[in-house]
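Ready to practise reading a protein structure? Take a moment to look over the two chains, then work through the exercises with pencil and paper before you check each solution.

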Amino acid sequence: MSLVRGLTQLHEHPAVVARWQAWTGPLLSRLTPPRRRALLAVGALYVIVRRPLKEMAPAVDVRAPAGPLAGALVVVLCLATVVAVYLAARRFTRLPAVVRNRPQIWLHGAFWAIVGLGWLVPDGAGVVALTLSGLVLALAFLLWRMGYLLLSGQRGRMAGTRFSDHLLYVYPAYGGSGVPYGKGLDHLARHEATTDEALARSQLAGLKLLVLAAIYHGLLALMAGLVYAEPRGHWSAYGLGVPRVEALLPLGARGPWAAAWSALYAGLVWDVLKLAARGHEIIGVLRLFGFNVYRNTYKPLLAPSLVEFWNRYYYYFKEMLLEFFFFPTYVRRFRGRPALRMLAATLAAAGLGNLYYHIVFNDTFLLTLDLVGLRPWLEARSFYCLLLSLGIYVSMRREQQRRGATGAGGPASMPTRIRRIAGVWTFFALISIWADASTATFGQRVEFFLSLFGVR
Amino acid sequence: MRQRHRERLIEFLRTIQKPDRPLDTVAETDSLVASGLIDSLALLEIVAFLEEQYRIDFAAIGLEPDQLTSVSGILDLIERETR
């Protein structure tokens, strides 16, 4: 056990850190925190142009053919919006009280006003229509990042920071999805290496994540071949041919029983590996630049409880939901009733916040505001969010009770631990039925679920 | 005064800490969650403790989770809000 631990923690061994410092000595000394930030800011200049153009691609498909003018306008308008939010954050105390009290609601309100405006403009309006649609999609990517920027202003943390510092995470050269990996500047700065040794440790930890990411990509390729028997995977000729959940859901109760269960568990492992690989790449690069932040995914398949899985599976998404939904609800609602207080906050974060986040990234809905077309997706996703919230809530309550009970006892036995882990796998595999991006209706998903237990 | 707050806080942390991690080994500035002493869920209990014991109104001042992850961070918050 100690040998395994020694190998996995090799990057923290003093001799390894010293060797790395010796190898990269002059480079480490020159890469001071301001210089490292400057490098990422230079990278952000590319992202300022590239990302909005990438995000607006679905609008180009829906509306008029892309012209360079619309693309240029989207890039400039996005940057202008970020500058406006930055100035608001800097002068936060001078904002009207009504905005100061609910800055995030104002930010999201402004976003939806632009969505509404884009919807009102007819498709035939050429560059104007395409620019507005492109702006909506590009702003969706920036939305939560600007939220962290405003939060920084609200907490009085803008002093001593420059616009270029905030560009690091608003336009991340290290990559990312709509979720800001590494959160905002407050969090990044708190984990920033300030000495050569700390930078060496951070870089070694980053390299470790990049190696793990490469291994996970290899495992995904193996899984694609050996489990799913897909031609793009390795050794697909020997593959088991487990179907994808997405393919089974439209069959409802007609899907083969054993294949259905296999598909669900395999899908869970696939999703975890995929998210971990991508997250490790992003956090790995951040660590190379001296921001030694937590990894996004940390052994969720070994989590002994639902809340622990949720904490380890997609850390920065969970943190975002905590910051913007859980805590604001927790400190304001049902303060005298602990259980109800926790339930309300959990529903606000894992339920409402989770659903809202995915609506903001539903390109088709943003462009059309077609509620009827959204309905099948919304029904399934809402149900998934409800199940997830209730599961996490029950798990949190049980953890609290268990902590009190094991105060005198000790860690759980191995069989108990395995049983708990199996329960966690089963819960998340089952609720994924309503989260999968399949075209299946809500009814078909329910039929599929019931068929797993022999109800057809 | 800080020492008295500290004693009260440590006494409370002992009731929510994980059984296999001695509190004495964690430095005042160490992250309580990262050091494995408490889980992230325990932050909610720290919030409830501060509301109850020190009448800190997080709805008014805003809740910054990073402030509550170390003993020194919590003590700074108590001092600031009870001044």
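The exercises below concern a predicted model, and each is followed by a worked solution.

**Exercise 1. Describe the overall build of chain A: how many helices and strands are there, and does its radius of gyration agree with or depart from the globule rule?**

Solution.
- Step 1: Start with the secondary structure. Chain A has 20 helices and zero strands.
- Step 2: Turn to the radius of gyration. For 456 residues the globule rule gives 23 Å, and chain A has 24 Å, so chain A is as compact as a globular protein of that length.
- Step 3: Look at the extent along the principal axes, where the C-alpha trace of chain A spans about 65 × 60 × 60 Å.
- Step 4: Add burial and contacts. In chain A, 41% of the 456 residues are buried. If you take the contacts in chain A between residues at least 6 apart in sequence, 72% of them join residues at least 24 apart.

**Exercise 2. Now do the same for chain B: what is its pattern along the sequence, and what radius of gyration does it have?**

Solution.
- Step 1: Chain B has four helices and zero strands, and its pattern along the sequence reads α-α-α-α.
- Step 2: A compact globule of 83 residues would have a radius of gyration near 12 Å, and the value for chain B is 12 Å, so the two agree.
- Step 3: The box filled by the C-alpha atoms of chain B is roughly 35 × 25 × 20 Å along the principal axes.
- Step 4: In chain B, 29% of the 83 residues count as buried. Among its contacts between residues at least 6 apart in sequence, 51% join residues at least 24 apart.

**Exercise 3. Find where the chains meet: how many residues does each chain bring to the contact, and which helix of chain A gives the most?**

Solution.
- Step 1: Count by chain. Chain A brings 19 residues and chain B brings 13 residues.
- Step 2: Find the helices on the side of chain A that touches chain B. At least two residues each come from helix 14 (306-313), helix 15 (315-332), helix 16 (338-360) and helix 18 (371-405) of chain A.
- Step 3: Pick the main contributor, which is helix 15 of chain A with five residues.
- Step 4: Sort this side of chain A by residue class: nine residues are nonpolar, six are polar and four are charged.

**Exercise 4. Test a helix with a ruler: what span should helix 16 of chain A have, and where is its kink centred?**

Solution.
- Step 1: Work out the expected span. Helix 16 of chain A has 23 residues, and at 1.5 Å a residue these should span 33 Å.
- Step 2: Compare this with the model. The end C-alpha atoms of helix 16 of chain A are 31 Å apart, which agrees.
- Step 3: Check for a bend. Helix 16 of chain A has a kink of about 30°, centred on A:A348.

**Exercise 5. Follow helix 2 of chain B: which of its residues are buried, and what do they pack against?**

Solution.
- Step 1: Check the length. The 13 residues of helix 2 (residues 42-54) of chain B should span 18 Å at 1.5 Å a residue, and the end C-alpha atoms are 18 Å apart, which agrees.
- Step 2: List the buried residues of helix 2 of chain B: B:A42, B:L43, B:L44, B:I46, B:V47, B:F49 and B:L50.
- Step 3: Find their partners. In chain A these buried residues pack against helix 15 and helix 16, and in chain B against helix 1 (2-16), helix 3 (58-61) and helix 4 (71-82).
- Step 4: Look just past the helix. Helix 2 of chain B is followed by B:R55, which has a positive phi near 55°.

**Exercise 6. Compare two residues: is A:M396 buried or exposed, and is A:V42 buried or exposed?**

Solution.
- Step 1: Place the residues. A:M396 is in helix 18 of chain A, and A:V42 is in helix 3 (residues 33-55) of chain A.
- Step 2: Use the neighbour count for A:M396. The cut-off for burial is 20 or more other C-beta atoms within 10 Å. A:M396 has 21, so A:M396 is buried.
- Step 3: Do the same for A:V42. The cut-off for exposure is 12 or fewer. A:V42 has 12 C-beta neighbours inside 10 Å, so A:V42 counts as exposed.
- Step 4: Look at the contacts of A:M396. Leaving aside residues up to four places away in sequence, A:M396 touches A:V307, A:M342, A:T346 and B:L41.

Technical notes
Residues are numbered from 1 along each chain as its sequence is written. Chains are lettered from A and ligands numbered from 1 in the order in which they are written. This is a predicted model: local features need pLDDT of at least 70, side-chain atom pairs count only at pLDDT 80 or more; totals for chains, interfaces and linings use all residues. Two residues are in contact if their C-beta atoms, placed from the backbone, lie within 7 Å. Ala, Val, Leu, Ile, Met, Phe, Trp, Tyr, Cys and Pro count as nonpolar, Asp, Glu, Lys and Arg as charged, and the others, Gly among them, as polar. The expected span of a helix is 1.5 Å times one less than its number of residues. The bend at a residue is the angle between axes fitted to the seven residues ending there and the seven starting there. The radius of gyration is taken over C-alpha atoms; the globule rule is 2.2 Å times the number of residues to the power 0.38.
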